[in-house]
Every structure is written in C-alpha cells, then in structure tokens.
Amino acid sequence: MHFKFSPSILSRLGEELIPNPDQGILELVKNSYDADATVCEVELLNTEEIGGSIVISDNGMGMDLETLQSGWLVIGKSEKEGASDRTPVNNRLRVGSKGLGRLAALRHGSHVELTTRPKSEPNTEYAVSVCWNDFDTVDSVEDVSLSPTVKQTTSGHGTTTIIRNLKVKIGKLEINRLARGLLLLADPFETNTSFRPRLLGTGFTDIEKQVNEQFFDDAEFFLKASLDENGYASAQLFDRRGSLVASASHSNVSRHRKQIDITERSSEEEKLPTDSPYQKSVPANFELWIFQLNPQSFSPLDRHHLPKIRHWLEAVGGVHLYHRGLRVAPYGDKGDDWLKINFSRSRNPQVRPSNSTVIGRIIAEDSNSLLLQKTDRLGFLENETFLNLQQFAMNTLEWVADFRLQTVEVKQEQVKREIKPKIAEAKKNIEDIITTYIPEPKPREETLLAVEDYDKIREGQVEVLNIELQLYRSLATAGTTAAIFAHESGREINTLKGQVGILNAKMQKYIENEIYLKYFAKTFTTIQQLAGSVQGFAKYPIYLLKKEKRSQGKIEIHQVINDVINLFYPFLESSNTTIELDKVNTELNLRGSTALVEAILINLITNAINAFNAKDAPIQNRRIVIRTESNEDFIWLRVMDNALGIQGITIDEIWLAGKTTTRSGTGLGLKIAKDSVIDLGGKISAVANGQLGGAEFIVQLPLK
C-alpha cells in the first residue's frame, strides 16, 4: 500500500493556489533567474481571448535528463533542493524552494511544451509535452506517463516553456500588472544586476521607459539605513543637495520599538531594552526617496518635472522588498501598506510621507534562508525574522518623522521669536516711507493714523486668537489627562469585574441556591452591569483623541452620528434615555474632519443629557432626537430633547465660554460646538423650546 494523489490535487496546488496568471508567469521567470539566465523573454500570443498562449524563453543553464525526471517532473519538489544555494556562473542565491510555483503557471493552459538545452550537453535538446486533460480520465496522478524526447540542435543552452490554450484572458489590466512586475522583479534601480526580464510587444517599451525615467535627484530627502548581521541598525538622512542632515545609531532607531504594535508579542519580548538588537534578523539595507509634491518645493525651472514625477511614482512608488536579488510581492504593490506608512501619516501629515510620495527598497540577501515565502508565493510567513525586518524599517521611518517634526518645531519657535521684531521693523519702514514720500503734514498725519488704526485692528484679532488658543490648550490638557486616567481606571475596573466574578462563583458554590438567589444574585448582576458601564465610559477619551480623526477628507455624516450614538449607548441605557436618528434616505457627505463633526454632536448630546438633570425635568421617557435634512447645497442637523428647554439664560449667552446654568457645568460645550460649526463653514442656531418641548439646535453645513 502507498499514498496516491487524485488529479484534482493538481488544481489545488496549481491554478487555485496562484489564480492570477501574471503571478504564475513571474514564478517561471524566477526559475530562469535560478538557472543563471541573463536573458528572459515573455511573449503573449492572442491572450486577449481565451485560448491564447504564453512563451517564456531564457539562456540559462538548461536541464539534463536527470534534472527533468527527478526535479522538474516531481510536484512539490524544487530542482534546487540538494544543490548549492548559489548558482555556478553568476553566484546568485537561489530564490526557488517549494517547486509549486511552476505548476501554478503551467496549469493556466491545457497544454504545456517544455524544451531545454543543458549547458553541460552542447547540441542536445530535451522536450516534454504535457496535456492536462489526460489527467481527467485517470484515478491518480501517477497513472499518466510522460516521456521526454531528445534530439540534436544548434541552438545555445537555455529553456523555453510554452503554455497553450489558456483558460483565462490576459487583458490590458493584467498586462500592465505583469509588465510592472517584470520591470520591478530584478530591481530596476540597481545598475549592476545581470538579469533583466522583458515582455515582448504589448506596449512594454512605454512602461519600461516610464519606470526607467527616474527622478531620484528631485527627492526632498534620501534615507539610507542598514541592519547588520548582529541585528544592530543605523541610519542616515540626506537632503536634496546630498548633504547629511541627520544620522542615527542603533539606540536612536530601536527606541521606537515599543511604540509600534506589529503583532501580539510576549511580555518578555516587550520588556527588551531599546538598545537590544533585532533578534533572529537578517542583514538588510533600506533606501528611501521622499518627495514633496507641491509646486513650492520646486524652482520655476523644475516645476515641469512635477507631472512626470507623479506619473513615475504612480507606476513604481512604494517600498519594495528584494530578497536574494528579486522582488517579493505584494510588498510595495498598490494598496499594500506593509510598513504602515499611510496609517502613520494620519498622525503627523505635515512631516510624514504617503506611499504615493515615496519610492524605496529593502534589500535582504538572507544567505541562511531565515525568510520563508508563503506557499502561494505572495509574501513571507510572519515569523520572528520577517517581523523584525519589518519593525526595523518602521522604526527607521519613525526616527525620520521625529527628526522632521523637531525641525518643524524649531522653525516655528524661531518664527515666534522673530515675528514681533519683524512686525516692529515693518511698521517703522512703513512710517519712514510715508514720511519720505508724503511731504504735506495733513495727508501724512491722516495716512499714519490709518496705519495705526489698521495695526490696532490686527492686534485685536491676534488677542482674540490668543484667548481662543489658551482656551483650547486648556481643553487639550484636560482631555489628554482625562484620557490617561480613564485608560488606567479601565484596567482597574476590569480587575474589579474579575474579582467580583470570582466572589460570585464562590458564593454560588458555598451558599445554598435559594439564599443566593434571594439575597445576592441581583446585587452581583447590578455590580457587573455598573462596572461594564463605567468601563465603557473609560474608553471615551481615548476614542475621541484618535489622531486619524483630525485628518481632512470626505465624511459621511450618518456614519459619524451612528458612531457617536454607539459611544453614548452605555450611559444612555443607565439613565433611562433613548436617542433616535431620524435621517434622510441618502448619503450626506461633507468636507472636513471627523473630529469637528464629533465635537458638534457630542457637545449637543451632552447638553441635552445635562438638561435632564434639572429640577422638574422628566425622569421617564427621556428622548433625544437627531434629525437630518438636506437640499442640493446644505445639510441640516437638528438635535432636540424633551427636557425643559433653555431657561435662566438668553439664546445669545449660551454660546459664551463660561456661561452655564448647570451647577457642575463648564460653559464650554456650546462654545466648542459653535466654533466647530464655523470651522466647517456652517451656521448654528437654537430654539429655547423646540419640537419636543426641550431645547432644539439647528446646524447648517455645506455639502461636499
């Protein structure tokens, strides 16, 4: 008895494993690389329709009969197994390992023809023909016999693979993706490589020109970092002129390790000192070009480059990972943010790039095979080696962001220190010019008075802005402090819930059930519910302070309303208050930040909740209704309640900071709501007793 494999295994390990034909073709091209080829050409024949053909030919070492029989024809075995890890001519580290990549490519057609001419046997050519339909009529793969043929030839060494009668179309989208994959496969930015695969015809030359155009000299910054064989990092940052502006030792880079959560780590690993090496890492070089794509960053003569640079970055931008000389997908593909570049940008968009404004590469030779590709050949298994390589790159980007942030802060402080003397100097220059060029006393005096009046108005504006700045700094301090205390109290409450649960379990075990149910069960249930509510409250500040909420963009207002309602739900439930959303049946999009919309909603809802605490306010059937309306230009947002309405204060006074009728209130909520509405380009008004009897606030905001 012995194992047999059903022919269906060929589908599961073939086209089902790598369903995209372009990825399968790249796997065959990688085989050419491992065969020491310097030329590899891919030709697509009538592939815009089902039934076309793919031809991959190279000038590699070729295969003899033994390699064909014991390697290429053995599914799941690489012909590189047992051989030296380096190729004999070009000394390349081999990239193939599983022997499944070629099967995935070959299965995209119904017929495969392989011809190979081994360098070790000049003038000899072996051929194998495979008809996959033959496997549909047998019980096991072993029942189909394949017999290589041999003949004499005058052609040079190499291998040609033809996949006929394709089961899929390869359209323009797939061709562009394949062309990009082939161009990036062998690191187009490395001049010393001896391997340049090409796609014949199909507009490849245009894409190749676009990729090879190269605008590295226009980058605002160039980052060069390395990770040595012992796991120690270093980094250097250069400006556009090539001058070194900052450098980092291992401790400077690795101090960011605890700030970045790549995956769940053990508590022992998190406690590693920041100057410890990246364990089980592979030596690597990280190069990154950072672009500032706004016209102000270029001289008038160089601004014509800007559209070309954008087009170039669109084609080849992102951070690509090169392993043993070849690129590994999907790292650096569109939509792949494996280094969290776009995610991190939301924290400091002023100093952080996006994947669309960088181009870079991480080069890892990995002679000890510590990085292991997934079976479908898309990416590496996330073992400790890969995670440390990823973290090294992310930590380096954090160091760059810190440096740029410090630079911006220094410039801002310098501007603050210099602004008053510059204003005084400018004012004196204006007075001197007036005195010089207006000789008549009366016009000169009137002009000077006009300048003085303008100066007073400007100073008044600055004073108002300074007062508001101090107010919001105080609020920011209160908010961040509350967030810290809430986060810590949340952990304590979690411990409390656990201890109450243990006590409850013990009482159920040691006390008669009738007594437990009569005297204790309800109390324990109430404690657990209250603890859950308080734990929910502890999440509020951290949730509201998320940095991505402050990014400008398109906002769907109903989504924000629902999120806010869910945030308030535990509190509303415990206070017998219901909140309803009466919305129009369409998406309502506006331009701004989620933080501003949340500031409006949360402060208006909080104002309504506080109104229910007033004397004689309803205790039962407390209602808050949020209603949305719209036309072609505006969104109307109404927030109303059924409390007692606005009493003891005028409508004009409710917007003033510090004005409040609530004993424990700050008088800041409606001020913040109004400022947020104004920042969004809208208007806000109030009705003392609205449709539900209580206060009603009407917010008008412009549609996106």
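Select Ile557 and show its neighbours: leaving aside residues up to four places away in sequence, Ile557 touches Leu588, Leu590, Val597, Ile635, Leu637 and Leu701. The model is a predicted one. Add Ile626 and Phe697 to the selection; together with Ile557 they touch the most other members of the largest nonpolar core, which has 42 residues.

Next, colour the elements that give two or more residues to this core: helices H16 (557-574), H17 (594-611) and H18 (669-679), and strands S18 (622-630), S19 (634-641), S20 (683-687) and S21 (696-702). H17 gives the most, with nine residues.

Now move to another core, which lies apart from this one and has 41 residues. Select Ile54, Leu166, Leu182 and Ala186, which are among its members.

From there, turn to the open sheet. Its seven strands run in the order S5-S4-S3-S6-S2-S1-S7, with mixed pairing. Strand S5 (149-152) and strand S7 (198-200) are the edge strands, each paired on one side only. From one strand to the next, the twist averages 20°.

Within the sheet, select residues 109-117 and 158-166. These are strands S3 and S6, paired in the antiparallel sense over eight bridges. To check the register, label Glu113, which stands opposite Ile162 in S6.

Then bring in the helices on the sheet. Helix H3 (residues 65-72) packs on the sheet and touches S3 and strand S4 (124-131); the directions of H3 and S4 make about 30°. Helix H2 (residues 21-34) lies across strand S1 (40-45), strand S2 (53-58) and S6, and runs at about 150° to S1.

Keep H2 in view and add helix H5 (residues 172-185). The two helices pack at an angle of about 30°, and their axes are 9 Å apart. Angles under 35 degrees count as roughly parallel, so H2 and H5 are roughly parallel to each other. Their crossing is right-handed. For the contact itself, show side chains: on the H2 side are Asp22, Ile25, Leu26, Val29 and Lys30, and these meet Glu174, Arg177, Leu178, Gly181, Leu182 and Leu185 in H5. Leu182 has already appeared on this tour as a member of the 41-residue core.

Last stop: helix H9, residues 306-316. Which residues of H9 are buried? They are Leu306, Ile309, Trp312, Leu313, Ala315 and Val316. An α-helix has 3.6 residues a turn, so residues three or four places apart point the same way. After H9, select Gly318, whose phi is positive, near 100°.

Terms used: Residues numbered from 1 in each chain as written. Predicted model: local features only at pLDDT ≥ 70, side-chain atom pairs only at ≥ 80, totals over all residues. Heavy atoms only, no water. Buried < 20%, exposed > 50% of the residue type's maximum accessible area, 1.4 Å probe, protein only. Helix = DSSP H or I, 4+ residues; strand = E, 2+ residues; numbered from the N terminus. Pairing = 2+ DSSP bridges. Axes fitted to C-alpha atoms, helices over the stretch in contact; angles between N-to-C directions. Contact = heavy atoms within 4.5 Å. Core = buried A, V, L, I, M, F, W, Y, C linked by side-chain atoms within 4.5 Å. Parallel < 35°, antiparallel > 145°, perpendicular 65-115°, else oblique. Left-handed = near helix turned anticlockwise from the far one by under 90°.
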